[in-house]
Every structure is written in C-alpha cells, then in structure tokens.
Amino acid sequence: NPYRVADNERILRNLNFVMDARILVKRISNNTDSVDLVVMTRDVFTLYGSFEPLSTTAYKVSVEEANAGGMGQRIRVAGLYDADRNSRFGYEAVYQKFNILGSFVDASVGYSRINTGISVGNENEVGYFFRLNRMLFHPFVRWAGGLGISEYNSTNVYAKADSVFVPYRYSVQDYWVGYSFGHANPL
C-alpha cells in the first residue's frame, strides 16, 4: 500500500533523531506478488549540550542524548548552580521512550529540583511527572489516548521571608482518549 509507505516515511521523519527517511520498493525477480522494502534514514547527531548563564552567580548546564543506544530513547540531565540558593546545586532528569514494544505509545518520566512553577506561582519547585501518549499517527489508526500524572511543591531555596514566600503544592492528572471516524482500513 503506497499510502502506508508514505505515512511510515513521515513517521520516521518526525522523530527528532532522524533528519530524512526514504522507503524504496525493490521487486523480487522470481516472485511477482512480493516486494522488499528498503528503508534508508539520514540521522542527526543526537548528543546535545547547553550552557546558560542566568546571572553573574547562576548557571544552568544540560546534556541530552536524543537516541540513547540507538533504541529510540531520550535522556536529559540538567544541573543548576546558583550562589544565592540554599543548596547551591539543583538538578533534573528526564527519560523518554518512543514506540514502546512497537505500540506507538511514547512514555516519559522526570524529576526536577529546579522547576519554576509558572502554573501556580513563581517559586522554585520540586516535582515529578509520568506520561503515556499514543497519537493518531496515520489516517487508518482508530484509537489514541494518553495519561499524565504530576506533582509539584514549592521550596524556599532562596531563604525568602515567610511573608514573601508562597508555599503551595499541586498535582495534575490528565487523561484523554480519541477515536477517528476516518476512512476504512485499506486492503
């Protein structure tokens, strides 16, 4: 099915560690009803790093591997040094696995001690999250869905006075499901 081949090329190109993908059809000379598919990809360099000066006394460093072990898994670790913080060092780690067991379900889990809470307040937060997502990745997929669970609480790492510091704790739960009423699955 040429439409499925084109969709598979698009899915491969959407991975953040693949720059380009082509799927070529190769006829088998002694068999007229079968073909071989040749998948060619052009990968990108998947190791990233950044250094971000936040002020004269604060710096953030991060390292990310977008395709760890060539197995469709992302690992990101970040660290923060801030001379004004109580516990001058903070860190966060995120792990993401794409297409678990060929199901097109993506999972991610993370923990942070340097999160800033733009949802509730502007304090430094300690938090963790867990997410599962399966998108409508081609027109013939019927079901999609996801879930996300996270919890955050503010921490007074800058030793603010009690009258200024805003203590809070919140959790977020997000569940969704989708169904496609699209065309019937082709033969």
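## A tour of one patch and two pockets

Select Y95: this residue is partly exposed, with a relative accessible area of 32%. The model you have open is predicted. Now colour strand β6, residues 89-97; Y95 sits in this strand.

**Stop one: the surface patch.** Keep Y95 selected and add I75, V77, V109, F130, I149 and Y175. Together these residues make a nonpolar patch on the surface. Their accessible area adds up to about 590 Å². Why can Y95 count towards this patch? Patch residues need over 30% relative accessible area, and Y95 has 32%, so Y95 passes that cut-off.

**Stop two: the largest pocket.** Rolling a probe the size of a water molecule over the atoms shows where empty space is left. Select I11, L15, N99, F104 and D106. Of the 17 residues that line the largest pocket, these lie nearest its centre. The volume of this pocket is about 450 Å³. Which helix gives the largest share of the lining? Colour residues 2-14 to find out: this is helix α1, and 5 lining residues come from it. By class, the lining of the largest pocket holds 9 nonpolar, 5 polar and 3 charged residues.

**Stop three: the second largest pocket.** Select L80, I114, T116, N124 and Y158. They lie nearest the centre of the second largest pocket, which is lined by 15 residues. About 220 Å³ of space lies inside this pocket. How does its lining divide by class? Count 6 nonpolar, 5 polar and 4 charged residues.

Terms used
Residues numbered from 1 in each chain as written. Predicted model: local features only at pLDDT ≥ 70, side-chain atom pairs only at ≥ 80, totals over all residues. Heavy atoms only, no water. Patch = residues over 30% accessible without salt bridge, like charges linked within 9 Å, V, L, I, M, F, W, Y side chains within 5 Å. Areas by Shrake-Rupley, 256 points an atom, 1.4 Å probe, with all protein chains shown as cover. Salt bridge = Lys/Arg side-chain N within 4 Å of Asp/Glu carboxyl O. Helix = DSSP H or I, 4+ residues; strand = E, 2+ residues; numbered from the N terminus. Buried < 20%, exposed > 50% of the residue type's maximum accessible area, 1.4 Å probe, protein only. 1 Å grid on protein atoms, 1.4 Å probe; cavity = no way out; pocket = protein on both sides within 12 Å on 5 of 7 lines; lining within 4 Å. Points joined across faces, edges and corners; volume = space filled by probe spheres on them. Nonpolar A, V, L, I, M, F, W, Y, C, P; charged D, E, K, R; others polar.
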